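Let's take a walk through this structure, starting with a helix and ending with the empty spaces.

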Amino acid sequence: MSASAAVAVHSLWTTAAEPAAADRIGAPAIEYAQLAPTLIVVGAAVVGVLLEAFVPRRARYHAQVFLTVVALAAAFAAVVALAAGGHATTKAGIVAMGAIAVDGPALFLQGTILLTSLVAVFTFAERRLDPAHHGHRVDSFAAEAAAVPGSEQEKAAVKAGFTTTEVFPLVLFAVGGMLVFPAANDLLTLFIALEVFSLPLYLLCAVARRKRLMSQEAAVKYFLLGAFSSAFLLFGVALMYGYAGSVSYARIADVVDGSVSDITPALAQTMGNDVLLLIGFAMVLMGLLFKVGAVPFHMWTPDVYQGAPTPVTGFMAAATKVAAFGAMLRLLYVVLPGLRWDWRPVMWGVAIVTMLAGAIVAITQTDIKRLLAYSSIAHAGFILAGVIAATPDGVSSVLFYLGAYSFVTVGAFAVVTLVRDAGGEATHLSKWAGLGRRSPLVAAVFAVFLLAFAGIPLTSGFSGKFAVFKAAAEGGAGALVVIGVISSAIAAFFYIRVIVLMFFSEPKPEGPTVAVPSPLTMTTIAVGVAVTLALGVAPQYFLDLAGQAGVFVR
């Protein structure tokens with residue numbers, strides 16, 4: 001074949017191989033500026049993994065703490081910049097090719113998650129509560145997480161002064177998933193975000209330095225039940241896709257409303273099948289109710305809260321609730337407003353059972369972490385009352401409650417880390433007797449958090465409950481408010497019982513001591529108290545902020 005013929009044939013090949021312009025897959029248009037908070041956190045998590053690989057062991061702790069704090073602070077600054085630039089109101093929109101919404105609720109919840117995580121990370125970095133081992137300072141996490149509890153390998157790791165600094169990148173990955181979760185604008189993004197923040201939490205629950213077996217048991221329970229809930233959610237996504245022919249929130253909402261025009265023959269056959277929609281929606285909701293710890297999907301909560309390292313419990317209790325309720329609000333208000341008459345009765349039942357079960361079972365608890373776990377279940381019920389309101393005030397009241405609750409929770413668990421005996425944290429209630437006489441300041445701070453949980457006036461808990469119950473009453477759920485008030489009264493009993501135990505009981509001679517923390521834990525507790533009192537005494541500015549942020553983009 002001549003050279004000219006070969007060139008001609010070659011040109012034929014290349015021309016034939018080029019697809020028509022309409023068939024080409026276009027490069028995705030990604031709005032990096034609007035995604036900056038998530039990208040900063042996930043980028044820092046990847047850098048944290050590299051630090052674990054390449055930085056000498058003795059320098060890892062300081063490098064990881066510095067990186068984590070800077071990343072969370074920078075991501076929060078990015079959220080504030082987006083809100084100031086109008087992305088919470090006039091410029092709100094859908095980014096990342098329809099996968100993520102940047103609007104008021106998303107930015108408010110992302111800001112709350114980042115601030116809560118930043119405060120919680122200080123408790124992860126605390127290294128002064130336990131006496132030094134073999135001349136090395138120790139934290140709440142296992143010396144070597146992969147070692148069998150009680151083995152020679154673990155003893156050698158403790159003696160060498162190893163620490164599990166991998167917890168910091170794991171926290172960042174979890175926070176990255178939580179930032180996407182309430183902002184997800186399609187069901188697949190929702191599922192991926194759920195997995196991204198759940199998997200690090202399963203690991204973090206298993207790495208307690210003391211009570212290793214209990215910690216690992218908690219992690220296994222959380223993992224197994226979490227896997228079931230993820231499976232339900234994914235099955236629900238499949239059924240909803242079968243119903244609407246799309247996983248996009250806006251498209252599903254249009255199909256539910258009957259306002260979709262471009263119906264394909266395949267879609268026309270399933271669209272009339274409401275069974276797919278109702279079962280699919282119920283399964284997706286089940287996955288979200290598991291994450292918020294609502295009854296009857298709450299059984300993991302007390303075991304996991306008790307077994308996980310206390311800094312992890314505080315972080316998880318606060319941030320996971322914020323992310324999961326954010327995702328639930330978006331699903332109910334953006335995708336399924338047309339199904340309101342179907343989902344409200346179900347949510348009524350869940351909210352009532354959650355409020356009452358959380359408050360009543362908490363009375364029987366003898367462990368402070370289990371007590372706070374059942375308290376968090378009751379609070380999930382109170383927040384659901386705001387979700388059920390199905391009004392703009394309902395959204396803003398839930399946003400405010402989540403912001404207030406998260407700081408109280410992190411602060412309360414930070415105080416729990418301070419009360420210690422020879423076996424580590426003294427979490428049995430009997431050991432807290434007379435704490436107010438031994439350490440009046442610590443007991444007073446814990447009393448402030450307990451009063452906030454109980455919803456006593458001049459604390460953030462009162463402002464949050466008042467906002468949620470007001471929205472529910474105006475939304476036609478007056479009976480729910482009555483049950484909520486009764487549950488609050490029951491819950492107040494066991495909070496005040498702990499306060500009475502601390503201040504009006506005789507301290508036991510062999511009772512626990514209160515460890516003097518470093519400025520890190522002091523900062524966490526101080527921020528918790530400051531936010532609790534500020535949102536209780538002058539909540540109006542923050543209520544207005546939540547009100548402005550309460551409009552979803554579609």
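**A helix, then the gaps**

Keep in mind that this is a predicted model. Start with helix α14, which runs over residues 340-362. With 23 residues at 1.5 Å a residue, α14 should span 33 Å, and its end C-alpha atoms sit 32 Å apart, so the expected and modelled spans agree.

Now look at which parts of α14 are hidden. Its buried residues are Trp-343, Arg-344, Met-347, Val-350, Ala-351, Thr-354, Met-355, Gly-358, Ala-359 and Ala-362. What covers them includes α11 (274-292), α13 (310-335), α15 (368-388) and α20 (478-504).

On to the empty space. Rolling a probe the size of a water molecule over the atoms reveals where it is left. The largest pocket has a volume of about 590 Å³. Its lining is made up of 23 residues, and Phe-76, Phe-108, Thr-112, Phe-542 and Leu-545 are the ones nearest its centre. The elements giving two or more residues to that lining are α3 (57-84), α4 (104-124), α16 (392-416), α21 (519-537) and α22 (540-548). Of these, α4 gives the most, with 6 residues. If you're thinking about chemistry, the pocket lining counts 17 nonpolar and 6 polar residues, with no charged ones.

What about the closed-off spaces? The structure holds 7 cavities of 30 Å³ or more, and the largest cavity has about 80 Å³ of space. Among the residues lining this cavity are His-136, Arg-137, Asp-139, Phe-162 and Arg-209. By class, the lining of the largest cavity has 5 nonpolar, 3 polar and 3 charged residues.

Conventions. Residues numbered from 1 in each chain as written. Predicted model: local features only at pLDDT ≥ 70, side-chain atom pairs only at ≥ 80, totals over all residues. Heavy atoms only, no water. 1 Å grid on protein atoms, 1.4 Å probe; cavity = no way out; pocket = protein on both sides within 12 Å on 5 of 7 lines; lining within 4 Å. Points joined across faces, edges and corners; volume = space filled by probe spheres on them. Helix = DSSP H or I, 4+ residues; strand = E, 2+ residues; numbered from the N terminus. Nonpolar A, V, L, I, M, F, W, Y, C, P; charged D, E, K, R; others polar. Expected span 1.5 Å × (residues − 1). Buried < 20%, exposed > 50% of the residue type's maximum accessible area, 1.4 Å probe, protein only. Contact = heavy atoms within 4.5 Å.
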